[in-house]
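I've opened my notebook on a structure that is new to me. Here is what I looked up, in the order I looked.

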Amino acid sequence: MDEKQLQDYVKKVSLQYFKRPFVHQANFNRRLKTTGGRYRLAEHNLEFNPKMADLPDFLGIVKHELVHYHLHLTHQGYRHGDNDFKQLLAQVKGSRYAPDIGLRRNNSKCLTYRCEQGHLIKRQRRINTQRYVCGRCEQPLQLITVKK
């Protein structure tokens with residue numbers, strides 16, 4: 001799906017489910033990682049995560065952003081916690097949350113240290129081995145593995 005197809009799709013969904021036209025811009029934003037889309041209050045434009053466009057839940061994501069859009073333009077509660085938002089989202093059967101597609105940051109860095117007695121210490125942050133010693137036996141530490 002390219003930008004023009006996205007614009008046409010959002011316009012069609014807006015007329016079909018909200019009975020109101022979408023007259024602003026809808027585009028893709030590659031920098032969105034964990035969210036499906038974003039409504040820009042100042043410009044009234046919609047941005048969508050291009051990785052979500054191929055999912056079957058994309059219609060729900062578009063509906064969710066259009067709920068923000070239409071409620072804001074009609075001066076009603078457009079925030080997630082507002083009753084107007086919750087009611088309209090339920091009415092059009094939009095997605096409450098974006099699906100997790102595995103792009104959340106995963107800190108899998110694991111450092112393993114061993115002292116002279118053989119005690120293992122697993123850490124995510126580096127230890128200054130010149131300054132710190134093993135907490136059990138007070139022997140010097142040595143870095144043995146780094147996993148990324």
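Entry one. I began with E47, and I found it in strand β3, which covers residues 45-48. I'm keeping in mind that this is a predicted model.

Entry two. Is E47 buried or exposed? I checked the relative accessible area: at 12% it falls under the 20% cut-off, so E47 counts as buried.

Entry three. Next I asked which side chains make polar contacts with the side chain of E47. One is R38, at 2.7 Å. Another is N29, whose side chain is joined to that of E47 by a polar contact of 3.0 Å.

Entry four. I then listed what E47 touches once residues up to four places away in sequence are left out. I noted N27, N29, L32, G36, G37, R38 and R40.

Entry five. On to the nonpolar cores. The largest has 24 residues, and V10, L46, F48, F58, L66 and V67 are those with the most contacts inside it. I looked up where its residues come from: α1 (3-18), β1 (26-28), β3, α2 (58-73) and α3 (83-92) supply at least two each. The largest share is from α2, with seven residues.

Entry six. I picked V67 out of that core for a closer look. Ignoring neighbours within four places in sequence, I have V67 in contact with F18, F85, L88, L89 and V92.

Entry seven. Apart from this largest core I found another one, made of six residues. I wrote down Y113, I127, C134 and L141 as being among them.

Technical notes
Residues numbered from 1 in each chain as written. Predicted model: local features only at pLDDT ≥ 70, side-chain atom pairs only at ≥ 80, totals over all residues. Heavy atoms only, no water. Helix = DSSP H or I, 4+ residues; strand = E, 2+ residues; numbered from the N terminus. Buried < 20%, exposed > 50% of the residue type's maximum accessible area, 1.4 Å probe, protein only. Polar contact = N/O pair within 3.5 Å; in protein donor to acceptor, adjacent residues only side chain to side chain. Contact = heavy atoms within 4.5 Å. Core = buried A, V, L, I, M, F, W, Y, C linked by side-chain atoms within 4.5 Å.
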